[in-house]
Amino acid sequence: EKMETDWSGNGEDDIDSIITNSLSELTDMFEEIIEEAKYLNNEINYSEPPINWADWYNKGNVLYQKKEFSEALKSYSKSFELSNNPLSLSAMGQCYFEIEEYENALDFFSKSLDMNPVQENVYFLRANTHISLNNLDEAVSDLNTALDLDDEDYKYNSLIGYVYLLQKKYPKSIKYCTRSIKNKPSKFAYL
């Protein structure tokens with residue numbers, strides 16, 4: 001709870017008290033701002049040096065956010081060595097996608113899905129990779145699987161609508177784009 005500074009005092013003692021109170025209030029405000037900035041920057045905590053798979057995974061996330069994809073790959077790889085977790089594989093796929101090594105990205109997304117086929121977002125990521133390689137039929141297949149798992153997600157509907165547009169399948173494109181807008185109208189306020 002913030003204290004309001006009383007500026008109505010008289011004398012030097014009051015001035016010292018006012019300055020002390022003001023500095024204390026400023027310090028509190030700066031601490032709140034720093035905490036908010038950490039939250040807004042998605043600061044992720046991990047032990048240094050990393051001691052378990054989650055630390056390595058979180059370190060990879062920090063490096064990914066900094067766009068240090070080669071270093072992030074190393075952290076995700078170490079995370080996978082320690083846990084055999086499909087999340088680490090899909091994160092590696094995202095790194096490869098970012099550095100435009102699409103075949104490697106496909107490989108890691110596929111390995112992740114082999115371990116756990118109920119990851120609709122990984123199908124979405126793999127579909128994006130297929131689009132980058134102009135494998136539009138494969139992208140549609142992955143997006144249909146993602147939609148089988150979550151048919152309400154506006155991103156999946158929007159992307160499949162885009163792929164159908166690229167394929168000049170206009171009625172299907174309109175169907176999915178319309179569904180995307182219905183599912184998340186706030187994302188399409190500019191229309």
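Serine 88 is buried in this predicted model, with a relative accessibility of 0%. The residue belongs to helix α4. Beyond the residues up to four places away in sequence, serine 88 touches Tyr57, Tyr76, Ser79, Phe80 and Ser83. Two of these partners, Tyr57 and Tyr76, return below as members of an aromatic cluster that also includes Trp53, which makes serine 88 a handy place from which to start a tour of the interior.

A short step back along the chain leads to asparagine 85, in the loop between α3 and α4. At 14% relative accessibility, asparagine 85 falls under the 20% limit and therefore counts as buried. Leaving out residues up to four places away in sequence, the contacts of asparagine 85 are Trp53, Phe80 and Met115. Phe80 thus appears in the contact list of serine 88 as well as in that of asparagine 85. Asparagine 85 can also be placed relative to tyrosine 57: the two are 28 residues apart along the chain, and their C-alpha atoms are separated by 9.9 Å.

The aromatic residues deserve a closer look. A search of the whole structure finds 7 aromatic pairs. In one of them, the ring centres of tyrosine 57 and tyrosine 76 are 5.4 Å apart and the planes meet at 55°, so the pair is classed as tilted. This pair links distant parts of the chain, with tyrosine 57 in helix α2 and tyrosine 76 in helix α3, 19 residues apart. Tyrosine 57 is buried, at a relative accessible area of 18%, and tyrosine 76 is buried too, at 2%. Tyrosine 64 and phenylalanine 69 form another pair, this one edge-to-face, with 5.2 Å from centre to centre and 70° between the planes. Here the two partners fall into separate accessibility classes: tyrosine 64 is partly exposed at 22%, whereas phenylalanine 69 is buried at 11%. Trp53, Tyr57 and Tyr76 come together as one aromatic cluster.

Rings also receive charged partners in this model. The charged end of lysine 111 sits over the ring of phenylalanine 108, at 5.0 Å from the ring centre. Similarly, lysine 155 lies over the face of phenylalanine 124, with a distance of 5.7 Å to the ring centre. Another lysine, residue 74, is located in helix α3. Its relative accessibility of 53% is over the 50% limit, so lysine 74 counts as exposed. Lysine 74 and lysine 59 are 15 residues apart in sequence, and 9.8 Å separates their C-alpha atoms.

Turning to the hydrophobic interior, the largest nonpolar core holds 33 residues, and Tyr76, Leu143, Ile160 and Val163 touch the most other members. The elements that give two or more residues to this core are α2 (53-65), α3 (69-83), α4 (86-98), α5 (102-115), α6 (120-132), α7 (136-149) and α8 (154-166). Leucine 143 shows how parts of this core meet: apart from neighbours within four places in sequence, leucine 143 is in contact with Phe124, Ala127, Tyr156, Leu159, Ile160 and Val163. Among these contacts, Ile160 and Val163 are themselves listed with the residues that touch the most other core members, while Phe124 is the residue whose ring lies under lysine 155.

The cysteines can be described briefly. The structure holds 0 disulfides. Cysteine 95 is buried, with a relative accessible area of 0%, and cysteine 177 is partly exposed, with a value of 30%.

At the level of the whole protein, the secondary structure comes to 9 helices and 0 strands, and the order along the sequence reads α-α-α-α-α-α-α-α-α. Of the 191 residues, 34% are buried. Among contacts with a separation of 6 or more, 39% join residues that are 24 or more positions apart. The exposed surface amounts to about 12200 Å², of which carbon and sulfur atoms supply 51%.

Key: Residues are numbered from 1 along each chain as its sequence is written. This is a predicted model: local features need pLDDT of at least 70, side-chain atom pairs count only at pLDDT 80 or more; totals for chains, interfaces and linings use all residues. Side-chain values use heavy atoms; hydrogens and water are left out. A nonpolar core is a set of buried Ala, Val, Leu, Ile, Met, Phe, Trp, Tyr and Cys residues joined through side-chain atoms within 4.5 Å. Buried means under 20% relative accessible area, exposed over 50%, partly exposed in between (1.4 Å probe, protein chains only). Helices (H or I, at least four residues) and strands (E, at least two) are DSSP runs, numbered from the N terminus. Contact means heavy atoms within 4.5 Å. A disulfide is a pair of cysteine sulfur atoms within 2.5 Å. Accessible areas come from the Shrake-Rupley method with a 1.4 Å probe; for residues, only the protein chains shown count as cover. Rings of Phe, Tyr and Trp (its six-membered ring) pair if their centres lie within 6.5 Å; planes under 30 degrees apart count as stacked, over 60 as edge-to-face and the rest as tilted. A charge sits over a ring if NZ of Lys or CZ of Arg is within 6 Å of the ring centre and within 35 degrees of the ring normal.
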